[in-house]
Amino acid sequence: MENFGHLLDGFANVLTPMNLLIALLGVTIGTAVGVLPGIGPAMTVALLLPVTYGMEPTQAFIMFAGIFYGGMYGGSTTSILLNTPGESSSVVTAIEGNKMAKAGRAAQALATAAIGSFVAGTIATLLLVLVTPPVVAFAISLGAPDYFALMLLSFVAVTAVLGASRVRGFASLLIGLVIGVIGIDQTGQQRLTFGIPQLADGIDVVVVAVGIFAVGEALWIAAHLRRKAAEVIPVGRPWMGRQDWKRSWKPWLRGTAYGFPFGALPAGGAEIPTFLSYATEKRLTKHPEEFGKGAIEGVAGPEAANNASAAGTLVPMLAIGLPTNATAAVMLAAFQQYGIQPGPLLFERESSLVWTLIASLFVGNLLLLVLNLPLAPVWARLLRVPRPYLYAGIVFFASMGAYAVNAQPFDLFLLLTLGLLGFGMRRFGLPILPLIVGVILGPRAELQGRRALQLAGGDLSGLLGGWVSWLIYATVLVVLLWPLIGRFLVRPLRERLVTG
């Protein structure tokens, strides 16, 4: 009950005219930017980080909550109308959603996506309220060796589990770790500064995020720009008939049940639950002939799973300080921008801020539904913006944002360099998330590792800690060895069972 009391205090902070206006602004900007082709929620949040400069932390995070959910919804609009997912978790929505749109049912596809996002977001945010405090209580009992092991698990999870290639995933992580250690270390020694004074304080995470996501994506699109504008399917006002409601409400609930637990896991993410939701709806549907041609269940379930997973990612981010996807990593950078460190002490030191953020997720989710159902045709018109103008604008705002961090021209050079790095990573198929996680968690992993070794007098056994770290190391070992386990144990056993 104490948690709900804190939540009510959070609502009291949000439900003021000024803060409601900020929440509405965040939802509107997040949706408007997120709906543009090729821009996912992570890039939306990264691009709009500088918008909050000069704001009070409370108002900034109320806006971030709106941007966070608005960017998620905007990605589904692009998937349905253009068949252009902004991120991998929106791929499944595009499978049936774009087919529905081409069959003249764009309004119904957008409606089930919007309402499903609201239902899943509300339930998942309520679960966030219930689950996060126990996780915080557990996290407080952990020591430096346990935190070091958790961060090692996060490194392995984002490279070996979520990426298509382990080698490319670890290469991206290594690049991120290198960027993360630039500057003066804890002993006062300069690392990788090359005698440049501006690098002594390290590279700001906001500059890294905006450079890799926004500038890198803009350069990539410019290199592959098609002269012909993308065809946008016309949209009326989203609505759903009785049959559509009947076929959507169960997929919404099942998608939520899939999405939240996976989002809350350190090795989770939204890709697996969206595919599981799609497979489940395909198996349970009473209209199997519609799948592959525009089945509304194939939009409702995965979209709910995607949004529930987004709320789930906030559990490890707020309670332990571990980002499990790119959007959470950029949100973590937003906290660091204000000198706030997510983790078990966050609820104690910044209780009012955290509960206001969680309350604003509820408010932003409701505003998103009220705003997007009538304004869907407006968002569809945004898709007609010529891409040269669109990405020129993105580079302009990215440059302004990077310059605003420290007001140093050198940051613009860094932004361009990181943008070229982001372009090269896309060219050679290196995932972005491991790099961002490496930049953010690398210095923190180093800090916890140093503490563990200092407590053990320099003995490597100090990294082992108690049963929690042992369990985590065992999990890491299984993840790393899983290809061999699958090849030499699981596959022969499966073949033996089939032939026997």
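Here is a short exchange about salt bridges and burial in this predicted model.

User: Before we start, what should I know about the numbering and the model?

Analyst: Residues are numbered from 1 along each chain as its sequence is written, and side-chain values use heavy atoms, with hydrogens and water left out. It's a predicted model, so local features need pLDDT of at least 70 and side-chain atom pairs count only at pLDDT 80 or more, while totals for chains, interfaces and linings use all residues.

User: What makes Arg254 and Glu281 a salt bridge?

Analyst: The term asks for a side-chain nitrogen of Lys or Arg within 4 Å of a carboxyl oxygen of Asp or Glu. Here the N to O distance is 2.9 Å, so the pair qualifies. Arg254 sits in helix H10 and Glu281 in helix H11 (residues 271-284), 27 residues apart. Helices here are DSSP runs (H or I, at least four residues), numbered from the N terminus.

User: Why is Glu281 called buried?

Analyst: Buried means under 20% relative accessible area, exposed over 50%, and partly exposed in between (1.4 Å probe, protein chains only). Glu281 comes in at 1%, so buried it is.

User: And why does Arg254 count as partly exposed?

Analyst: Its relative accessible area is 28%, which falls between those two limits, so partly exposed is the right label.

User: How do you know that Glu446 and Arg450 pair up?

Analyst: Their closest N and O atoms are 3.3 Å apart, so they meet the salt-bridge cut-off. Both lie in helix H19, 4 residues apart, about one turn of the helix. Arg191 joins Glu446 and Arg450 in a network of salt bridges.

Methods. Helices (H or I, at least four residues) and strands (E, at least two) are DSSP runs, numbered from the N terminus.
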